[in-house]
Amino acid sequence: MIRRWHAAALAIGAGVTGALAFAAPAAADVAVSPPSVAQGGSAELTFTIPEERPGAYTAKVELDAPVETPIAEIYPLSVDDWAPSTTTRTLDKPTELIHGTTSTEVVAAVTWIRMSPATGPAQPDVLTIALGPMPQADGVEFTLVQTYSDGTVVHWADPIGGAHPAPFVSLAGEAPAAAAHGHDAPGGTAPVAAGSDTGGRSTAYGILVAGLLVGLVAGLGLDGWIILRAVRRSLAGTSRTRAAASPK
């Protein structure tokens, strides 16, 4: 009996250990948002970089643009406590810029330097770039080099499933012509000229008034309907009086 209990205890212990090991969170990868954008257009990409070294923090991040599928323009957006810079490279053939012109100079890498030591609990670093036009390809793969304050360097350049997979963004479809040349409004919404929705507003107001009248009749019943008819007759009489008084 004692042996049976001992074996059962060992089995339960092994099961608990295995469950805890299975539940333990895996090391985080560099996340890119959004994970997919349109071909030929401009985009904003946000890179979320994990902090995985206790007692150290990320002091420098270098984002290398794809070589085989060059992206003409890449601009680092402002982030508190980080100072960005860019380096360029020269192409053999010119490529199209966001606004329709061409150039042989494209951004090769964006580098961010942390300006002050990180304090408090470790938090992922969030860095954003604006870029385009996106190439005509199934996707683009970046290489990200993360340097910690203790000198440790992590290269995020492995294939998907590797220890440190490279950040990858899939490309699908094709952006509208205006968006491809940077003429779209922020968020992809076309601006509306002032005063251009007069007809729409009139229709909306008519629907609103009709809805209020229906609600009034439904709420007051037959008495409400009688009152409504009286109001309409009064308004009609006022209109006829004004028409008769108007000079011909």
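**Figure 1. A search of the whole structure finds three salt bridges.** The model shown here and in the other views is predicted. In one salt bridge, Arg114 pairs with Glu51, with the closest N and O atoms 3.6 Å apart. Arg114 belongs to strand β7 and Glu51 to the loop between β3 and β4, so this pair ties together parts that are 63 residues apart in sequence. Both Arg114 and Glu51 are buried. Side chains of opposite charge can pair when their charged atoms come close.

**Figure 2. Arg53 and Asp150 form a salt bridge.** Their closest N and O atoms are 2.9 Å apart. Arg53 sits in the loop between β3 and β4, and Asp150 in the loop between β10 and β11, so the pair ties together parts that are 97 residues apart in sequence. Arg53 has a relative accessible area of 35%, so Arg53 counts as partly exposed. Asp150 is partly exposed too, at 43% relative accessibility.

**Figure 3. Arg114 also forms a salt bridge with Asp125.** The closest N and O atoms of this pair are 2.7 Å apart. Arg114 lies in strand β7 and Asp125 in strand β8, so the pair ties together parts that are eleven residues apart in sequence. Arg114 has a relative accessible area of 15% and is therefore buried. For Asp125 the relative accessible area is 7%, so Asp125 is buried as well. The cut-off for buried is under 20%. Glu51, Arg114 and Asp125 are linked in a network of salt bridges.

**Figure 4. Surroundings of Asp125, a residue of strand β8.** The side chain of Asp125 makes a polar contact with the side chain of Thr58, at 3.3 Å. A further polar contact, of 2.7 Å, joins the side chains of Asp125 and Arg114. Neighbours within four places in sequence are left aside in the contact list that follows. Asp125 is in contact with Phe47, Thr48 and Ile49. Its other contacts are Glu51, Thr58, Trp82 and Arg114. Glu51 and Arg114 also belong to the salt-bridge network with Asp125.

**Figure 5. The largest nonpolar core has 30 residues.** Leu45, Phe47, Leu131 and Phe142 have the most contacts inside this core. Two or more residues come from each of β3 (43-49), β4 (58-64), β7 (102-114), β8 (125-132), β10 (143-148), β11 (153-156) and β12 (168-174). Strand β3 gives the largest share, four residues. In soluble globular proteins, nonpolar side chains tend to be buried together.

**Figure 6. Contacts of Leu45, one of the core residues with the most contacts inside the core.** Neighbours within four places in sequence are again left aside. Leu45 is in contact with Val32, Ser33, Pro34 and Val37. Further along the chain, the contacts of Leu45 include Leu127, Thr128, Ile129 and Leu131. Phe142 and Val169 are also in contact with Leu45. Of these, Leu131 and Phe142 are themselves among the residues with the most contacts inside the core.

**Figure 7. The structure holds one aromatic pair.** Phe47 and Phe142 form this pair, and its geometry is edge-to-face. The ring centres are 5.6 Å apart, with 80° between the planes. Edge-to-face requires an angle over 60 degrees. The pair links distant parts of the chain: Phe47 is in strand β3, Phe142 in the loop between β9 (139-141) and β10, and they are 95 residues apart. Both Phe47 and Phe142 are buried.

**Figure 8. Strands β6 and β7 form a hairpin.** Five residues lie between the two strands. Gly100, in the turn, has a positive phi of about 100°. Strand β6 (residues 82-96) and β7 run antiparallel and are joined by eleven bridges. One example is Thr87, whose bridge partner in β7 is Ala109. Strand β7 also holds Arg114.

**Figure 9. The protein chain as a whole has three helices and twelve strands.** Of its 248 residues, 27% count as buried. Consider contacts between residues at least 6 apart in sequence: 71% join residues at least 24 apart. The aromatic pair of Phe47 and Phe142 spans 95 residues.

Notes
Residues are numbered from 1 along each chain as its sequence is written. This is a predicted model: local features need pLDDT of at least 70, side-chain atom pairs count only at pLDDT 80 or more; totals for chains, interfaces and linings use all residues. Side-chain values use heavy atoms; hydrogens and water are left out. A nonpolar core is a set of buried Ala, Val, Leu, Ile, Met, Phe, Trp, Tyr and Cys residues joined through side-chain atoms within 4.5 Å. Buried means under 20% relative accessible area, exposed over 50%, partly exposed in between (1.4 Å probe, protein chains only). Contact means heavy atoms within 4.5 Å. A salt bridge is a side-chain nitrogen of Lys or Arg within 4 Å of a carboxyl oxygen of Asp or Glu. Rings of Phe, Tyr and Trp (its six-membered ring) pair if their centres lie within 6.5 Å; planes under 30 degrees apart count as stacked, over 60 as edge-to-face and the rest as tilted. A polar contact is a pair of N or O atoms within 3.5 Å; within protein, one must be able to donate a hydrogen and the other to accept it, and residues adjacent in sequence count only if both atoms are side-chain atoms. Two strands pair if DSSP finds at least two bridges between them.
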